Amino acid sequence: MTPKYQQSNTTEKRPDNPLFKTLSRIQLVYAILILIVVLFGIRLFYVQIIHYNYYKDAALNDQLKQYQIPASRGLIEGYDGQSVVPIVLNQELYTLYADPTYISKPDNVASQIVSVIGGSASYYSQQMRATNTRYVVLATKLSADQSQKLLDLKIPGIGTQSQDYRAYPDGSLAAQVLGFVNANNQGQYGLEQAMNKDLSGKPGQVKAVTDVNGIPLAATKGNIETQPVNGDNIVTTINLPMQAQVEQILSNEYQKTKSQGLSAIVMNPNNGQIVAMANYPTYDPSNYQSVSNPILFENAAIDNAIEPGSTMKTLTTPAALDTGVIQPDTSFYDPAHWVIDGFNITDIEQDGGPRIQTIANILALSLNTGATWMLMQMSQPGGTQINQHGIDTWYNYMVNHFRLGQTTGIEQGYESAGFVPQPDMTNPSIDLTYANTAFGQGVQVTALQMAAAFSSIINGGTYYQPTLISQVVDSNGNATVNQPKVLEQHTVKSTVGAEMIPLLENVVTTYLNEGFSFMSFPSDYMVGGKTGTAQIANPSGGYYTDKYNGTYVGFVGGNQPQYVIVVFNIDPNVPGYAGAYGGQPVFADIAHMLINDSFVSPKTN
Amino acid sequence: MTYSNTLSVSRGYYAGRNQNVVRFSAKEHTLGPISNTIILVVLICLLGLLYLTQVTKTNAYGYQINNLQQEQAQLQTEHNNLELTSAQLQSQGRVQSSQVASTLVPVTPSGTVQQ
């Protein structure tokens, strides 16, 4: 036993004892481990305490995703008989894009793309050869099927991206009334512009810590996720079958008269609702990018203010009747011309010479001298001079009663206010200026202003704000009915409206008797109106001697006027007067259409 | 009777003569620091596990909600497409050029029944 102890003792004392070596290594390892732990601790302290904010922000930047959830744009609808049908919807289509850096063989890829969506292989190939970008658009408006087929090809660097587009099932129907939505999802022109805020809705928002796929982790505190509020649906007052036919009539007349453009409005005079509003030429809103002339985007019926010509007499006459200076059966001596401020005012058709005339003839024969005489009566009953009182009175009717020279507030982009000359008595030719306004020269109005003002006369004096909106339906389905809004309660006395109706029916009868057979209407319906032939102002001064606008303002109804129709035909190439041959036929076609398609209820007694 | 006597009696059955009985301390049993630490660690682990389970479960629901939202969006797209197709089929142009429309003739009312 002893030698063992001795040996053991001897071993312990040896400096190269294995046990001693083992212990030292363990201690060394421990020391290293402790050192590593300390290093980790220091590093953790550095990272988590000293640079806490930096790394917190970096982590949040990586994990915290913030993006908007787009709201679906509201639909635009119209009436198809009794039911409401959409005329503008949303459609999800796809944009095909490429990252050229991933594409090594553009020609091969291009031919693969052509096999799915068609198009030009050389164009695709050229696009994919771009060197200064990592995103090139190869095609737009692809269907979901096409998108899926392209993705199935699994071509590196090729992808598709969904995007909402406006879709128009009726093509270009009411295009200028509707407007369009541009690439930034902003409504342009028409209803899209005027109602952009309501149609757009409110986008939702996601601010959350997400996984690698961007999906919010529900267990994380402080996630914000608000759902989008979709845009309101707008139900227009447009009667779609009527609108389609009015557009067809304008198209036909445009071809026939080769004019610069046509506008027509059909309005319910008893509530201000526009049931048809059309212009020609027009455009396809789904392909608005291809329109080279932006004038086509404009709704000329509300933004093209022109001198209306003799249709203005449908406002001058009721103004004079309302002031009591004339009666419907008043007769007067018409000298066939008036000299005002040194200028001769005559009638376009100077037949008959000086003679006794009637109020009915002022409208039926479109007497400029008669309109001037009415202004003289507003100046001084029984007089033959224009004075400040007459000018102020007529100005008051134009601006405050009939609301000319100001926008109507219809839900359309770019509405024109028109122009009414100020009654500035220091103007040496103010009498002439105002004499001209009495028969529709020197004053500019839009077709809509004319329709609204005329409606207020034949409905007995109530000026309704013209509107294109029947209802607004929010994303929860709650409908807000757009009630008629009265802007002026007494534009004229109710008796004046009743007096104007037969006077204007007489105009229609007069034209029929003169051989305008298309002005023949069934006796169960009341139809009245007035032509207007207006000289067109030359931008370089004065008026063109060979260019005229043809206008028409009229109504059609049964027991009472149910629709007011206003037609503006810009510089038509017609053999006779622009109003009679360029505006009147359009009115007649629309009136016949309304009667034939039973849009108008006939007289019941 | 002392505690040891009691033991002697109770253990007398097993204990023979001159045999020591086991000494029994009256001191209370307490857990040592290691046991406490282990129990604490186990408890923390259990709580951690519970927390992870709940978080995972919540996130799983989050994924489920996300899937349902995607499904909803897909159905909405499908609905929109169907609505568009329906509108296209009922469009004025299509109705006007339909076979039924081509057989219609214009009629001007010649009069109305008077009551």
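**Note on the predicted two-chain model: interface and salt bridges**

1. Three residue pairs are in polar contact between chain A and chain B, both residues of each pair being at pLDDT 80 or more. The structure under review is a predicted model, and the points below should be read in that light. By the rule applied, zero salt bridges cross the interface of chain A and chain B.

2. The extent of the interface may be stated as follows. On the side of chain A, 31 residues are in contact with 24 residues of chain B. The area buried between the two chains is about 2100 Å², and carbon and sulfur atoms give 54% of that area.

3. Which elements of chain A give two or more residues to the side that touches chain B? They are strand E3 (83–98), helix H10 (240–257) and helix H19 (578–596). The largest share, six residues, comes from E3(A). By residue class, the side of chain A that touches chain B divides into 18 nonpolar, six polar and seven charged residues.

4. Chain B contains four helices and zero strands, and its elements run α-α-α-α from the N terminus on. Of its 115 residues, 9% count as buried. Chain B exposes about 10400 Å², with carbon and sulfur atoms supplying 61% of this area.

5. Helix H10 of chain A also holds Glu253(A). Is Glu253(A) buried or exposed? Its relative accessible area is 2%, so the residue counts as buried, the cut-off for that class being under 20%. Leaving aside residues up to four places away in sequence, Glu253(A) touches Lys258(A), Leu262(A), Asn569(A), Tyr581(A), Gly582(A), Pro585(A), Val586(A) and Asp589(A).

6. Over all chains, the count comes to eight salt bridges. In one of them, Glu192(A) pairs with Arg73(A), and the closest N and O atoms are 2.9 Å apart. Glu192(A) lies in helix H8 (residues 190–194) of chain A, while Arg73(A) lies in the loop between strand E1 (64–69) and strand E2 (76–80); the pair therefore ties together parts that are 119 residues apart in sequence. Both Glu192(A) and Arg73(A) are buried. Arg73(A) and Glu192(A) are linked with Arg166(A) in a network of salt bridges.

7. A salt bridge also joins the side chains of Asp99(A) and Arg134(A), at 2.9 Å from N to O. Asp99(A) is placed in the loop between E3 and helix H4 (106–117) of chain A, and Arg134(A) in the loop between helix H5 (121–128) and strand E4 (136–142), so this pair ties together parts that are 35 residues apart in sequence. The two partners fall in opposite classes of accessibility: Asp99(A) is buried, with a relative accessible area of 9%, whereas Arg134(A) is exposed, at 51%. The value for Arg134(A) should be read against the cut-off for exposed residues, which is over 50%.

8. The side chains of Asp107(A) and Arg129(A) meet in a salt bridge as well, with an N to O distance of 3.2 Å. This pair links distant parts of the chain, 22 residues apart: Asp107(A) lies in helix H4 of chain A, and Arg129(A) in the loop between H5 and E4. How accessible is each partner, and what class does it fall in? Asp107(A) is partly exposed, with a relative accessible area of 45%, and Arg129(A) likewise counts as partly exposed at 45%.

Notes:
Residues numbered from 1 in each chain as written. Chains lettered and ligands numbered in written order. Predicted model: local features only at pLDDT ≥ 70, side-chain atom pairs only at ≥ 80, totals over all residues. Heavy atoms only, no water. Contact = heavy atoms within 4.5 Å. Buried area = accessible area lost by both parts, 1.4 Å probe. Salt bridge = Lys/Arg side-chain N within 4 Å of Asp/Glu carboxyl O. Polar contact = N/O pair within 3.5 Å; in protein donor to acceptor, adjacent residues only side chain to side chain. Nonpolar A, V, L, I, M, F, W, Y, C, P; charged D, E, K, R; others polar. Buried < 20%, exposed > 50% of the residue type's maximum accessible area, 1.4 Å probe, protein only. Areas by Shrake-Rupley, 256 points an atom, 1.4 Å probe, with all protein chains shown as cover.
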